[in-house]
There are 2 protein chains.
Amino acid sequence: MFSTSGLDATFAALADPTRRAILARLMEGEASVLELAEPFAMSQPAVSKHLKVLENAGLITRRRDAQRRPCRIDVEPLTEVNHWLERYRALWEAKFQRLDVLLEELKDEEQAMKAEGGNEA
Amino acid sequence: MFSTSGLDATFAALADPTRRAILARLMEGEASVLELAEPFAMSQPAVSKHLKVLENAGLITRRRDAQRRPCRIDVEPLTEVNHWLERYRALWEAKFQRLDVLLEELKDEEQAMKAEGGNEA
DNA sequence: CGATTATATAGCCAATAAGTTATAAAACTA
DNA sequence: TAGTTTTATAACTTATTGGCTATATAATCG
């Protein structure tokens with residue numbers, strides 16, 4: 001068994017606009033499957049599949065409420081995305097710095113990271 | 001012709017670990033196709049395909065240098081990811097706030113955004 | 001020109017994804 | 001218990017993805 005990086009599943013889940021819309025909807029709070037399905041021109045099973053993808057990526061969790069399975073957003077994978085982005089953030093936050101200087105700094109940081117073993121693409 | 005959200009292409013491109021590794025490599029500066037292919041147990045055409053995916057997502061640009069087509073990272077789509085993440089950032093940055101209070105605040109913000117028309121899943 | 005190097009393209013294959021309809025299962029309601 | 005509501009699963013289809021090998025193209029070198 002090899003656990004493909006959590007980022008694989010997270011980015012793949014986020015690549016679909018229906019699933020991003022579902023996450024956006026869940027920012028307003030819990031919602032059932034039918035409530036989540038309502039805005040979409042799509043069958044209920046299709047939405048259930050999307051929810052499974054989100055759940056497998058850890059982006060939502062579900063509880064039981066009678067027949068309903070209310071979903072709520074789980075933000076943890078997004079923190080991983082945020083952390084992954086960190087590596088690149090300097091590239092656009094330092095728009096007015098000279099690029100070559102910036103890259104030198106980043107290379108130095110990379111050396112430091114390698115020295116302590118942190119390495120995930 | 002309907003232009004599927006740039007986020008679709010960006011997230012899909014980032015969902016593959018080979019492509020994320022290529023981006024990480026490009027943080028060290030420009031690299032040719034063969035240079036980028038070298039670390040991977042994968043044919044050159046496979047890497048060329050990955051580069052095309054990255055290029056279509058706007059994550060890299062290529063120039064011509066004799067026979068080589070050096071690639072460089074283009075960070076703009078990552079800024080879009082960063083912007084998309086903004087909506088959710090409060091959820092993990094405010095871990096110690098009461099969740100219901102937080103969600104109320106977010107709903108208010110959403111009303112404000114709707115009022116001025118900003119809406120992208 | 002012919003040879004070499006770097007990259008792209010074509011054609012193939014297997015696996016996955018995203019949708020469908022039909023049906024099953026779970027939990028409530030009368 | 002029988003019916004209703006909500007969700008999940010199965011089976012199928014079509015399109016996309018990611019890899020391969022073989023080949024074509026582009027640019028340089030001798």
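**Exercise 1. The contact between the chains**

Find how many residues of chain B are in contact with chain A, and which helices of chain B supply them.

*Solution.* Step 1: in this predicted model, 28 residues of chain B are in contact with 27 residues of chain A. Step 2: on the side of chain B that touches chain A, two or more residues each come from helix 1 (6–14), helix 2 (17–26), helix 5 (76–93) and helix 6 (99–115) of chain B. Step 3: helix 5 of chain B gives the most, with nine residues. Step 4: sorted by class, this side of chain B has 19 nonpolar, four polar and five charged residues.

**Exercise 2. The relation between the copies**

State which rotation superposes chain B on chain A, and name the resulting relation.

*Solution.* Step 1: chain B is superposed on chain A by a rotation of 180°, with 0.0 Å of shift along its axis and an RMSD of 0.0 Å. Step 2: the two copies are therefore related as by a two-fold rotation axis. Step 3: both copies use the same surface, since 96% of the contact residues of chain B recur in chain A.

**Exercise 3. Two helices within chain A**

Determine how helix 1 and helix 5 of chain A are oriented to each other, and list the residues that meet.

*Solution.* Step 1: the axes of helix 1 (residues 6–14) and helix 5 (residues 76–93) of chain A come within 10 Å and cross at roughly 105°. Step 2: angles of 65 to 115 degrees count as roughly perpendicular, so helix 1 and helix 5 of chain A are roughly perpendicular to each other. Step 3: A:Gly6, A:Leu7 and A:Thr10 of helix 1 meet A:Pro77, A:Glu80, A:Val81 and A:Trp84 of helix 5. Step 4: the classes in this contact are four nonpolar, two polar and one charged.

**Exercise 4. The surface near DNA strand C**

Identify the residues that come nearest to DNA strand C and the helix with the largest share of the surface near that strand.

*Solution.* Step 1: 23 residues lie around DNA strand C, and A:Ser43, A:Ala46, B:Ser32, B:Leu34 and B:Pro45 come nearest. Step 2: at least two residues each are supplied by helix 4 (44–56) of chain A and by helix 3 (33–37) and helix 4 (44–56) of chain B. Step 3: the largest share, five residues, comes from helix 4 of chain A. Step 4: by class, there are 10 nonpolar, eight polar and five charged residues.

**Exercise 5. The surface near DNA strand D**

Do likewise for DNA strand D.

*Solution.* Step 1: of the 22 residues around DNA strand D, the nearest are A:Ser32, A:Leu34, A:Pro45, B:Ser43 and B:Ala46. Step 2: helix 4 of chain B gives the most to this surface, with five residues.

Key: Residues numbered from 1 in each chain as written. Chains lettered and ligands numbered in written order. Predicted model: local features only at pLDDT ≥ 70, side-chain atom pairs only at ≥ 80, totals over all residues. Axes fitted to C-alpha atoms, helices over the stretch in contact; angles between N-to-C directions. Helix = DSSP H or I, 4+ residues; strand = E, 2+ residues; numbered from the N terminus. Parallel < 35°, antiparallel > 145°, perpendicular 65-115°, else oblique. Contact = placed C-beta atoms within 7 Å. Nonpolar A, V, L, I, M, F, W, Y, C, P; charged D, E, K, R; others polar. Near = placed C-beta within 6 Å. Least-squares fit on C-alpha atoms with pLDDT ≥ 70 in both.
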